[in-house]
Amino acid sequence: MTERRVVAIRGIVQGVGFRPFIRDLAASHDLSGQVHNDLGGVVVDVEGPGASIEAFLAQLQAAPPPLAVIDSISVDSAPPAFRTGFTVAQSDASGAITALVAADAATCDACLDELFTPTNRRFRHPFITCTNCGPRFTIVTGMPYDRHRTTMASFPMCAACHREYHDVADRRHHAQPIACPDCGPVLGFQPAGARQRSLGAAALAAAATMLREGKILAIKGLGGYHLCCDATADVAVQTLRVRKRREARPLAIMVRDLNGARKVAQVSDAEATLLASAARPIVLLRRRPGSDLGGSVAPGLPTVGLLLAYTPIHHLLLAELDRPLVMTSGNRSEEPIAHLDHDALDRLGGIADGFLLHDRPIATRCDDSVAQMVAGGCSIIRRSRGFAPQPIGINPPFPLPILALGGHLKNTFCLGRDGRAFLSHHVGDLHHPSAVAALAEGVDQYQRLFGITPRCVAHDLHPDYASTRLAETLNLPVIGVQHHHAHVASCQADQGWGGPVLGVVFDGSGAGTDGAVWGGEFLRVEGSTFQRLGHLAYVPLPGGEAAVREPWRMAVAHLMTSCGTEAEGAVHDLVRCPPDQWGVLRQMLTSGFRSPPTSSVGRLFDAAAALLGLRTHAGYEAQAAIELEAAADPATTRSYGPLIHEQDGMLVADPGAVIRGLVEDRHRNRPVAEMAGAFHNAIRDLTVAMVTRLSRETGIRHVALTGGVFQNTRLVEGTAEALTRAGCTVLLHRRIPCNDGGLALGQAVVAAGQFAQAGG
Ligand code: ZN
Ligand code: ZN
Ligand code: FE
């Protein structure tokens, strides 16, 4: 007997080959009907024998297309219409938008095969793509996802592509970015300052020649421009650093495939899976000693950030050159990555010797993502290309639509509605007016794409963050969320844990509720409220920003706080401080002038690094801490005992013993590796001592480890293991960055809860 069902499928089901997949599946079960995209996802109207429909639905859920993510399926019965055949129908663009935009995906194996097959009509076509791969989010201009609402709208399909696009049996059936050498975008090469362009194969050849000659190339990628050079040519790498004004920060390296990766780094099976995933993030790996990477790629570090080729252009270029390439974001210092051609030619003109570009516009800027393996799982450090704008499931759902504007550094924003949070791509550091503009633009775009009109906006408590100031201009009720509270909520949302939790938040800085600069916090978080139960003892933060750039200042602050009359001697013996500045600093520290109290663990790492003679001035954020981690001997079992006391009803962890222990060890000429290892152990021990006491007092066993300091794998693994042994259930960041890149999600969850509670 013929039956009919109308099936609504929600999730990431547009732009991932879902309709052709449904059509093929229906055909294999001899079912008739049709499938179309609507604003909520995909709707299947199917009829045939009941048993066949059941089998069809089971298979649909068991093995959807590779890039699809099914959130929910609803099935309704309807009277049979006795149609014949199965068709893919026009999109329905009415109603509210709830469909999801897929993230960009790396070139799939099938396309890669064709790219290097001389008889294929897309042989060496730099824009080869299919329903299983290619650009998505970065070319979408509106919803629902269809070719005329992407930046491919201006490329009419040729007859051959048209046939594939409409051929139900083709891998490119309804693949929106489909193109070929006859109708697709064209690659161009332009030397810096010149107006002439070579096109197509000649452009690729010119770009490869330039790289071979040790020059700097700007390459247009999926979400923006990269700056590129031969990673084995140290002179080229140093030139890039000087021109980009990026002296020390590690540079990402792109290799052709996993074999290429294994030549320069140690790659575990889990890391190989991560490297080769469709998102193709930069993965932080141990460098292989003696590899042919230039020393300037990641000076002073045993690690390297590696990623595999993810566009056909990368594959063509790397096939030509067969060597690792530096692939760093196309910007000057910390500005947002350039994604518009005129802007790239203008801003990167002084850096790149040539440009490899094309005429498919980038609709949305999207930096590469960064990830690492921590405690047996993947942790995302920067969640951008390949992940954004995939939603994160939120339970319980948001009580109202909400916008959260994030922090000041590593800014991302978040739109939330119902059970979904759309955490944005990486926006960047809001010191730059262009980044603030990008934030405002991004917010507009997400509201349009996801059809979400927020009813309130969450921001950080810091009044001077550009994100806070932007919140105040939006004509919506605003809710300030304490920085470290938001970090904990972000970790809870990551792990889907809505119960009470003890949050350990270690980061650089965040505005506290008592006027101090917080950054070593032990919070009890329950529902949308928090209580500060403990913190690292306060020390003065001399000169704010200056202390961040110059770790020696924090060493002096900690010595003067912890070492009494011996402080001055220790400063002179151990801290290489500029002699002309020591007097001024001492004056500041004793008078308290421009030296607010801070509990920052990030700054304690700075102090320790300076005290060990590792680093007095930081060339990039957290450089001292990263080098301290790199220096630590993993075999060290020594530690510096924690001192905990009660003060004003709170537990205070005093790092004085740690500082004095380091001073003593230095006077005894202990090896730096041992002291750095002992320092890590000391922070672990201090954390465990605080948490076990607070856990006993509150009865809370769930512990969230969050804040940027927990990017330190040695610290997070040691602490998580010790806490687990002590009987705690440890929540670690996985999908959401533990640094300020994850802040907006926590803000959204907390503020929505508070707003609803207040009867908003
Ligand atoms: Zn493909
Ligand atoms: Zn074509
Ligand atoms: Fe933070």
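How many bridges pair β20 with strand β21, and in which sense do the two strands run? There are four bridges, and the pairing is antiparallel, with β20 covering residues 414-417 and β21 covering residues 420-423. Before going further, keep in mind that you're looking at a predicted model.

## The sheet around β20

Let's stay with that pair for a moment. Across from leucine 415 you'll find phenylalanine 422, which sits in β21. Two residues separate β20 from β21, and together the strands make a hairpin. In its turn, aspartate 418 has a positive phi of about 50 degrees.

Now zoom out. The hairpin strands belong to an open sheet of six strands, ordered β18-β21-β20-β19-β22-β23, with mixed pairing. At the edges are β18 (392-393) and β23 (478-481), each pairing on one side only.

What does "mixed" look like in practice? Strand β19 (residues 402-404) is a good place to see it. With β20, β19 shares three bridges and runs antiparallel. With β22 (residues 456-460), β19 also shares three bridges, but here the strands run parallel. Try finding alanine 404: its bridge partner in β20 is cysteine 414, and its bridge partner in β22 is alanine 458.

One general point helps when you look at any of these strands: in a regular strand, side chains alternate between the two faces of the sheet.

## Three metal sites

Next, the metals. Here are the three ions with their protein donors.

| Ion | Protein donors | Distance |
|---|---|---|
| zinc ion (ligand 1) | Cys108 (SG), Cys111 (SG), Cys130 (SG), Cys133 (SG) | 2.3 to 2.4 Å |
| zinc ion (ligand 2) | Cys158 (SG), Cys161 (SG), Cys180 (SG), Cys183 (SG) | 2.3 Å |
| iron ion (ligand 3) | His483 (NE2), His487 (NE2), Asp507 (OD), Asp740 (OD) | 2.1 to 2.3 Å |

Start with the zinc ion (ligand 1). Its donors are spaced C-x2-C-x18-C-x2-C along the chain. Two of them link distant parts of the chain: cysteine 111 belongs to helix α3 (residues 109-115), while cysteine 133 is in the loop between α3 and α4, 22 residues apart. Cysteine 111 has a relative accessible area of 0%, so it counts as buried, and cysteine 133 is buried too, with a value of 0%. Why is this site called tetrahedral? Because the angles between its four donor atoms run from 103 to 120 degrees, and the rule asks for all angles between 85 and 135 degrees.

For the zinc ion (ligand 2), the donor spacing reads C-x2-C-x18-C-x2-C. The angles around this ion are 103 to 117 degrees, so this arrangement is tetrahedral. Cysteine 180 is buried at 1% relative accessibility, and cysteine 183 is buried at 8%.

One of this ion's donors, Cys161, brings us to helix α4, where Cys161, Glu164 and Tyr165 are buried. Viewed down the helix axis, the buried residues of α4 fall within an arc of 100 degrees, so they line one face. Ala159 and Arg163, on the other side of α4, are exposed. A bit of background: an α-helix has 3.6 residues a turn, so residues three or four places apart point the same way.

The iron ion (ligand 3) breaks the pattern of cysteines, with two histidines and two aspartates as donors. Those donors are spaced H-x3-H-x19-D-x232-D. Histidine 487 is part of helix α13 and aspartate 507 is part of strand β24 (residues 501-511), so this pair ties together parts that are 20 residues apart in sequence. Both histidine 487 and aspartate 507 are buried. The donor angles here span 84 to 171 degrees, which makes the arrangement irregular.

While you're at helix α13 (residues 483-495), look for aspartate 494. Aspartate 494 is buried, at 4% relative accessibility, and its side chain makes a polar contact of 3.4 Å with the side chain of glutamine 495.

## Helix α22

Last stop: helix α22. How far apart are the end C-alpha atoms of this 13-residue helix? They are 18 Å apart, which agrees with the 18 Å expected at 1.5 Å a residue. The N-terminal end of α22 is capped by asparagine 712, with a side-chain oxygen 3.1 Å from the backbone nitrogen of arginine 714. The buried residues of α22 include Leu715, Val716, Thr719 and Leu723. Just after the helix comes glycine 727, with a positive phi of about 95 degrees.

Note on methods. Residues are numbered from 1 along each chain as its sequence is written. Chains are lettered from A and ligands numbered from 1 in the order in which they are written. This is a predicted model: local features need pLDDT of at least 70, side-chain atom pairs count only at pLDDT 80 or more; totals for chains, interfaces and linings use all residues. Side-chain values use heavy atoms; hydrogens and water are left out. Donors are N, O and S atoms within 2.8 Å of the metal (3.2 Å for Na, K and Ca); water is not among the atoms, so sites may look incomplete. Four donors count as tetrahedral if all angles lie between 85 and 135 degrees; four count as square planar and six as octahedral if opposite donors are over 155 degrees apart and all others between 65 and 115; anything else is irregular. Buried means under 20% relative accessible area, exposed over 50%, partly exposed in between (1.4 Å probe, protein chains only). The expected span of a helix is 1.5 Å times one less than its number of residues. A polar contact is a pair of N or O atoms within 3.5 Å; within protein, one must be able to donate a hydrogen and the other to accept it, and residues adjacent in sequence count only if both atoms are side-chain atoms. The arc is that of the directions from the helix axis to the C-beta atoms. Two strands pair if DSSP finds at least two bridges between them.
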